[in-house]
Amino acid sequence: PGPSSVPRHTNRLINEKSPYLLQHAHNPVDWYPWGQEAFDKAKIENKVIFLSVGYSTCHWCHVMEEESFKSKEIGEIMNEHFVCIKVDREERPDVDKVYMTFVQATSGGGGWPMSVWLTPDLKPFAGGTYFPPEDGLHRVGFRTVLLRIAEQWKENKDALLESSQRILEALRHTSEIRVQGQESLPPPKEVMDTCFQQLSRSYDDDYGGFSKSPKFPTPVNLNFLFTYWALHRTTPEGARALHMALHTLKMMAHGGIHDHIGQGFHRYSTDQHWHVPHFEKMLYDQGQLATMYSRAFQISGDEFFADVVRDILLYVSRDLSDQAGGFYSAEDADSYPTTTSGEKREGAFCVWTAEELRALLPDPVEGATEGTTLGDVFMHHYGVEEAGNVDPMKDPHQELKGKNVLIACCSPELTAARFGLEPGRLSALLQECRQRLSSARAQRPRPHLDTKMLAAWNGLMISGFAQAGAALAEQGYVSRAAQAAAFLRTHLFDPDSGRLLRSCYRGKDNSVEQSAVPIQGFLEDYVFVIQALFDLYEASLEQGWLEWALHLQHMQDKLFWDPKGFAYFSTEAGDPSLLLRLKDDQDGAEPTPNSVTVTNLLRAACYSGHMDWVEKAGKILAAFSERLQKIPITLPEMVRATAVFHHTLKQVVICGDPQGEDTKEMLHCVRSVFSPNKVLMVADGDSAGFLYRQLPFLASLERKDGKATAYICSNFTCSLPVTSVQELRGMLSP
């Protein structure tokens with residue numbers, strides 16, 4: 001779709017691998033990628049650097065490109081006065097974080113596209129996010145800002161250099177997270193209770209979720225609530241925590257944020273009801289939500305949650321999977337409504353007019369109220385309206401006018417009763433309708449797919465498949481997780497240096513490509529991959545994954561640990577182009593790596609007997625102690641880890657033949673119970689195996705009466721042997 005004439009302009013981004021950078025390769029702007037060539041040019045020509053940071057599924061990034069970066073006239077101003085650098089924030093979260101810290105500190109807000117002006121030695125002095133091309137009533141236009149900054153640089157260069165130095169010092173000071181003096185561990189009970197109360201106050205009792213609008217899935221909040229419930233099962237607070245998590249997951253699954261026809265979840269909802277989403281789909285959401293819905297199923301036993309897990313994993317297997325085994329990053333929100341359209345619209349791939357649905361679902365429904373068609377049943381169940389069901393207030397650009405975003409607004413029982421149908425029959429009819437719509441949708445132009453593969457996000461998705469495989473007893477999911485872990489080992493790990501790489505890319509003919517100078521892994525890559533390997537070991541019992549996880553944990557300690565202030569830096573030392581070494585302090589769409597690493601370190605200690613790791617976990621909690629006590633709601637995953645640290649992990653050791661039925665029965669029992677502080681291992685009697693070499697105490701554990709036997713151990717001291725599944729189940733619940 002769209003005009004396919006020969007491009008007028010081509011800049012250096014044409015040589016990059018990132019889909020986001022390639023989207024800008026034909027702008028009239030003389031873009032450079034982040035790197036020495038651009039830095040040298042700025043120094044030699046004594047020019048300001050204009051840095052633009054975004055990502056390929058970012059709606060306002062597309063808008064700014066259309067309005068400004070494709071404009072010949074604005075391109076000329078940019079090329080004359082600036083050295084222009086484009087960065088994909090998903091490839092270089094380190095660069096993004098340094099300058100976003102500046103933009104948030106100086107403008108009070110942040111977001112993408114991020115626009116920052118830097119001195120030739122990379123110090124920021126002006127910045128913002130999206131700029132419209134021309135001046136408006138309330139906003140200065142991009143062209144005006146460019147000309148003003150060029151003028152300032154000519155007239156007041158020294159003042160700008162001085163202020164950039166001052167700004168940097170201030171940022172260095174305010175962004176430091178370190179242990180203060182003899183700081184002790186935060187008190188776990190108070191921190192847990194405060195976090196619960198803060199979440200409880202922000203919870204929406206009607207629709208679930210933790211704000212009015214916009215509403216984000218926030219898996220970190222749900223994960224915290226499940227753990228809070230598990231440790232307070234018999235109290236009213238515990239019951240409320242569980243209700244908050246399950247109700248939120250139910251409402252999301254019914255809502256328009258859930259793609260009822262194409263499966264998976266969109267990024268977030270613009271309204272309180274989970275109805276009208278921003279339509280991009282991100283890998284990190286699918287991975288974390290698969291895990292959350294698996295936990296909801298473990299706890300409640302409700303098949304509804306298991307079905308949502310299957311839905312997410314179907315979407316990822318079909319649409320975000322590379323044939324070599326890796327997972328792609330995202331699908332865009334904008335697409336061409338039809339094959340002949342000239343411009344893309346948000347949500348075009350996913351929305352429907354009432355007329356279209358009638359035409360696709362005209363069949364009369366036998367046994368229903370006289371004259372009922374499939375369309376009537378479907379449209380009633382999914383809240384379809386003749387004039388469209390999107391509130392114009394939530395659609396400022398009129399892109400969804402007359403369209404419907406499907407939302408399951410009735411219970412199946414109510415819809416069935418309304419048309420005089422049996423609930424079982426209704427479910428089959430709706431399934432038939434969804435398949436038809438799915439085929440119709442397949443005729444539409446698909447949104448852009450970002451085929452970059454990131455180690456961190458692949459880690460989150462491997463955890464999703466592994467935990468789903470264990471909780472739902474679906475071996476196929478565990479195999480898919482193992483296939484992806486093998487992909488990481490082949491394409492995103494350098495065996496010579498023992499280090500992870502950040503990203504690789506789908507190349508021509510579906511090959512997997514690496515950029516000329518591969519980007520080294522960041523802290524988040526190590527943390528989420530290590531977590532994935534522990535999850536995969538517990539689901540598959542393949543000890544090779546454990547061995548690799550422990551190797552990566554040692555490497556993470558070497559590259560990122562802060563011996564003075566404690567906790568891990570997000571980036572390695574020694575990159576002169578990074579002005580700050582930061583530590584993230586907020587669990588957002590993804591948990592912050594220091595939060596997850598606390599639990600990783602405790603698991604690593606259980607599998608290796610290496611107790612320094614427990615001490616490191618405590619030091620991280622000490623470094624974040626003040627924040628955990630004052631505003632724990634900003635770090636729910638670290639609060640959860642504080643509880644796990646305090647309650648000591650239970651090592652659940654099963655002695656038996658992994659292929660034996662009795663062992664399998666015990667494993668099934670362990671995997672079907674949600675227990676936030678357990679670590680599973682199987683002692684199969686192979687004394688030469690990795691686990692026996694790591695943990696000498698395993699040699700003293702044996703099968704009782706020749707049957708598979710479980711031991712619950714704490715700090716390598718074990719309970720009496722247990723051979724009954726019922727007894728084991730009782731011991732697993734805290």
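**A chat about a sheet, a pocket and a cavity**

Guide: Let's start inside: helix 11 provides seven residues to the lining of the largest cavity, the largest share of that lining. Keep in mind that this is a predicted model.

Visitor: Okay! How many cavities of 30 Å³ or more does a search of the whole structure find?

Guide: The search turns up two of them. The largest cavity holds about 690 Å³ of space.

Visitor: Which residues lie nearest the centre of the largest cavity?

Guide: Those are Thr 291, Arg 295, Gln 467, Asp 535 and Arg 603, out of 37 residues in its lining. Besides helix 11 (283–300), the elements giving two or more residues include helix 9 (219–231), helix 17 (455–472) and strand 19 (678–683).

Visitor: And what's the lining of the largest cavity like by class?

Guide: You'll find 17 nonpolar, twelve polar and eight charged residues there.

Visitor: Let's switch to pockets. What volume does the second largest pocket have?

Guide: Its volume is about 1600 Å³. The lining has 42 residues, and Gln 23, Glu 65, Glu 66, Lys 70 and Tyr 336 are the closest to the centre of this pocket.

Visitor: Which element gives the most to the lining of that second largest pocket?

Guide: That's helix 3, with seven residues. Helix 3 covers residues 59–69, and helix 1 (19–23) and strand 16 (503–506) also supply at least two residues each.

Visitor: How many residues of each class, nonpolar, polar and charged, are in the lining of the second largest pocket?

Guide: The lining of this pocket has 16 charged, 14 polar and twelve nonpolar residues.

Visitor: New topic: strands! Is strand 4 buried or exposed?

Guide: Strand 4 takes in residues 114–118, and five of its five residues are buried, so the strand is largely enclosed by the rest of the structure.

Visitor: Which way do the residues of strand 4 point?

Guide: Met 114, Val 116 and Leu 118 point one way, while Ser 115 and Trp 117 point the other way. Residues on both sides are buried.

Visitor: How many bridges join strand 2 to strand 4?

Guide: There are five, and strand 2 (residues 48–54) runs antiparallel to strand 4. In one of these pairings, Ile 49 has Leu 118 as its bridge partner.

Visitor: How many bridges join strand 4 to strand 5, then?

Guide: Four bridges join them, again in an antiparallel arrangement, with strand 5 covering residues 124–128. Here Leu 118 has Pro 124 as its bridge partner. The two strands form a hairpin with five residues between them, and Leu 122 in the turn has a positive phi of about 75°.

Visitor: What order do the five strands of the open sheet have?

Guide: The order is 1-3-2-4-5, and the pairing is mixed. Strand 1 (31–33) and strand 5 stand at the edges with a single partner strand each, so one side of each has no neighbour in the sheet. On average, neighbouring strands are turned by 30° against each other, ignoring direction.

Visitor: Which strands does helix 2 touch?

Guide: Helix 2 (residues 36–45) packs on the sheet and touches strand 1, strand 2 and strand 3 (82–88), with its direction at about 160° to that of strand 3. Helix 4 (residues 72–81) also packs on the sheet, touching strand 1, strand 2 and strand 3, and its direction makes about 110° with that of strand 3.

Technical notes:
Residues are numbered from 1 along each chain as its sequence is written. This is a predicted model: local features need pLDDT of at least 70, side-chain atom pairs count only at pLDDT 80 or more; totals for chains, interfaces and linings use all residues. Side-chain values use heavy atoms; hydrogens and water are left out. Buried means under 20% relative accessible area, exposed over 50%, partly exposed in between (1.4 Å probe, protein chains only). Two strands pair if DSSP finds at least two bridges between them. Axes are lines fitted to C-alpha atoms, for helices over the stretch in contact, and angles run from 0 to 180 degrees between N-to-C directions. Contact means heavy atoms within 4.5 Å. On a 1 Å grid over the protein atoms alone, a cavity is a set of points where a 1.4 Å probe fits but cannot get out, and a pocket is an open set with protein on both sides within 12 Å along at least five of seven lines; lining residues have an atom within 4 Å of a point. Grid points are joined across faces, edges and corners, and a volume is the space filled by probe spheres set on the points. Ala, Val, Leu, Ile, Met, Phe, Trp, Tyr, Cys and Pro count as nonpolar, Asp, Glu, Lys and Arg as charged, and the others, Gly among them, as polar.
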